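Take a look at the chain below. This report goes from the overall fold to single residues.

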Amino acid sequence: MIKKIIKKPLIILGVIICSNTLLAQKKSTEEKIDSLLSLMTLEEKIGQMVQYSASWDVTGPANDSYNQNKLDNLKNGLVGSMLNVTGVKNTREAQRLNMENSRLKIPLLFAYDVIHGYKTIFPVPLGESASWDLEIMELTARVAARESAASGIGWTFSPMIDVSRDARWGRIMEGSGEDPYLTSLIGVAKIKGYQGDDLSHPTSIAACAKHFAGYGFAESGKDYNTVNIGIHELNNSILPPFKAASEAGVATFMNSFNELDGIPATANSYLQRDLLKGEWNFQGLMVSDWGSIAELINHGYAKDKFQAGELALKAGSDMDMEGAIYENSLKELVQNKVIDIKLVDDAVKRILRVKFQLGLFDDPYKYCDEELEKNELYSSENQEVALDAAKKSIVLLKNDKQILPISGDVKSIAVIGPLADDKDSPLGNWRGQAVPNSAVSVLEGIKNHAPKSVKIRYAKGADLSIGERSFLKPMTINQTDTSGFEKAINLAEKSDLVILVVGEDAYQSGEARSQTDIGFAGVQNELIEAIYKANPNVVMVLMNGRPMDLTWSDQHIPAILETWLLGSQHGNAVGEVLFGKYNPSGKLTASFPRNVGQLPLYYNYKQTGRGNEIPDVTYASYRDSKRDALYPFGFGLSYTEFEYGKIKLSQEKFSKGESIQISIDVKNTGKVKGEEVVQMYLQDLFGSVTRPIKELKGFEKITLNPGETKTVTFKIDEKTIEFFTANQKWEAEKGEFKIYIGTNSRDLQNTSCFYQ
Ligand code: NOJ
């Protein structure tokens, strides 16, 4: 008791001192920013708002006037940040040029697209999101931050939290699928992983919530395309992950290439000034996307560089990424009083604030430790994390007659397919500084994990892509050469089982990699059919960055394993799953359509006036296709089975300040240990704005031993049911809600509750 009494005032005193210290620190950072700002010339201020890409070798001379100009500006303290300078040697040299030559010695901030790993590569984000495992997603971001920080990078352009519902869009691979709630949670986990608890820590790097906003809703899935959505859809489906990122303390945002209802996002002040910097009180910096300020001219929104600069800055874009607009327009705009210097000051303060938070003013060479770089990159610990994340991302789509895991009766396996021995595609398109061809291929993984007695033979069958493959060049697909078929068919005929590794080349998904066909490119369809004819005992191992059209395969192939592009440890993860050393538990975060014509396709669609399911002519569907997904959102099988009990509610009705507990028992009724993602969805039956037929509102990933039962409990309160209403506010509206619980977004049981 005495202890308690003594402790309390001490705690209170501690809290006061602590918060005062924090306040003092914060204040002093703001004071430092202000005093630095007061020393800066207009040119130096504008310089901070410029971000250059390293298109020249910073350790050598610039070889043309364009790059010489960049180099001169760097030395003159007229550059705030650089992207694409990587490695301690290069970043140290660029920083040295800046620090030793510039007047005010404001440290440069080095940025890079560390999307799913820096040197150690993790699954592509769409794949990793299928783990529904927030801890592993935070951990892979942490490891990526450690590797990047050890290699000179202080800022990653990640996470991409664009909700997307269109598999044609190449960048669907870079996000977390079609659901705003799940994308929000994953975005926050990633931000925590990159930024840690304290941005000034040597292994913390600034994260970037992108692309603000609407980029994932590009019309017809064509990258960079127009986005036309209304204010309610924008707020309810696209913005929640960005709001969550801002609340989680993300240091930076990036705007997007697309226009939104006629206004390009880069010049959109509703998004950047009213919401982000206004309502959400975001204090960090907003970088443009690559050249997107200059692209205001291409959009037909600005008539020249001056108007582009004016519109972008007024709308809230703080830094111009490789666009050459701010550096060539802002000075005149300020001098001519078109732009108030206060807007420039605000942008510069935001940029300096991030640099102060990162501790760059204390040590501009903070990220420049060669010894650490040697030890951290691609370490065996990091490979273990990559393997864990890869296993957790795999989704079992089909498993007839439990062909998987491969039984002990199988004595010979034919490994066939253009991607089977591909050591490069698993690295994906955004592969950081990965060494080309450094991933473990599926063939290698199979050899590593198959019992020694099993005979493994390989035939490629056909090439998928031919010639040079790179981030910047279009890829050529093999459309004709089937000369390898015969060998593959022979091998299939004489083997007990075929593992057919097909799908997409790494460079079929990613930026500017949209497609109108989401089936198997090249001669793969012919190969699949020929192999199936030779031996129907086929396990299809898919590698791809987007939901694909698998209709034929689903009708014929007995087992289908979705393995995405899993990064450095791809093959080992697949090997463990194929041979039952790991029980797959991934669940899709983007619906797999039956055909490309269904796109955009998503589980959380709206009712129509004509209904969606009525088997009549005049309902909202197609004449030549079912309307639902082949594999729905949240879907994924396991090597065991789970039985769901009945939904139990603590009460049926709730009011403001109250909550309902919803619980359900889940039992592992199979023979092996397994993990299940228990999912809860809600449907708001009536609203001042029409509501989706269901929305994910909770999930829990549980591990169950054979025979074991666990109770999973969810909570619903007014926060859970809030949405952007006809009042253009986030509010909870009274009425009836359907609660759905189950194993995926289609197979659910339901009950009702009421908010009153
Ligand atoms: C353009 C992409 O849209 C963006 O996501 C990326 O971060 C920048 N390029 C920088 O590479």
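How much accessible surface does the protein chain have, and what share of it belongs to carbon and sulfur atoms? The surface comes to about 29600 Å². Carbon and sulfur atoms hold 51% of that area. The model is a predicted one.

**Overall form**

The protein chain contains 22 helices and 29 strands. Its C-alpha atoms fill a box of roughly 75 × 65 × 65 Å along the principal axes. The radius of gyration is 27 Å; a compact globule of 756 residues would have a value near 27 Å, so the two agree. Of the 756 residues, 60% are buried. Contacts in the chain reach far along the sequence: among those with a separation of 6 or more, 78% join residues 24 or more positions apart.

Charge is the next point. The chain has 85 positive and 97 negative charges. Their mean positions lie 3 Å apart.

**Arg691**

Where is Arg691 placed? Arg691 sits in the loop between strand E23 (674–684) and strand E24 (695–704). Is this residue, Arg691, buried or exposed? Its relative accessible area is 8%, under the 20% cut-off, so Arg691 counts as buried. Two acidic side chains meet the side chain of Arg691. Asp684 makes a polar contact with it at 3.3 Å. Glu695 makes another at 3.1 Å. Leaving out residues up to four places away in sequence, Arg691 touches Asn236, Lys606, Gln607, Asp684, Phe686 and Phe723. Asp684 thus appears both as a polar partner and in this set of neighbours.

**Backbone details**

Two peptide bonds that lead into proline are cis. One runs from Leu404 to Pro405, and another from Leu599 to Pro600. Both prolines lie in loops.

| Cis bond | Omega | Loop that holds the proline |
|---|---|---|
| Leu404 to Pro405 | near -5° | between strand E11 (395–399) and strand E12 (412–416) |
| Leu599 to Pro600 | near -5° | between helix H21 (570–578) and strand E19 (642–644) |

Positive phi also turns up outside glycine. Trp132 has a phi of about 50°. Trp132 is found in the loop between helix H5 (125–129) and helix H6 (134–149). With a relative accessible area of 1%, Trp132 is buried.

Gln728 has a positive phi too, about 60°, and is not a glycine. Its loop runs between strand E26 (723–724) and strand E27 (730–731). Gln728 has 42% relative accessibility, so it counts as partly exposed. Trp132, in contrast, is buried.

**Helix H19**

Which residues of helix H19 (residues 524–534) are buried? They are Gln524, Leu527, Ile528, Ala530, Ile531 and Ala534. An α-helix has 3.6 residues a turn, so residues three or four places apart point the same way. What covers the buried residues of H19? The cover includes strands and helices: E12, helix H18 (485–493), strand E16 (497–503), strand E17 (538–543) and helix H20 (551–556). E12 has come up before, as strand E12 (412–416) at one end of the loop that holds Pro405.

Terms used: Residues are numbered from 1 along each chain as its sequence is written. This is a predicted model: local features need pLDDT of at least 70, side-chain atom pairs count only at pLDDT 80 or more; totals for chains, interfaces and linings use all residues. Side-chain values use heavy atoms; hydrogens and water are left out. Helices (H or I, at least four residues) and strands (E, at least two) are DSSP runs, numbered from the N terminus. The radius of gyration is taken over C-alpha atoms; the globule rule is 2.2 Å times the number of residues to the power 0.38. Buried means under 20% relative accessible area, exposed over 50%, partly exposed in between (1.4 Å probe, protein chains only). Contact means heavy atoms within 4.5 Å. Accessible areas come from the Shrake-Rupley method with a 1.4 Å probe; for residues, only the protein chains shown count as cover. Lys and Arg count as positive and Asp and Glu as negative; His and the chain ends are not counted. The place of a charge is taken as NZ of Lys, CZ of Arg, CG of Asp or CD of Glu. A polar contact is a pair of N or O atoms within 3.5 Å; within protein, one must be able to donate a hydrogen and the other to accept it, and residues adjacent in sequence count only if both atoms are side-chain atoms.
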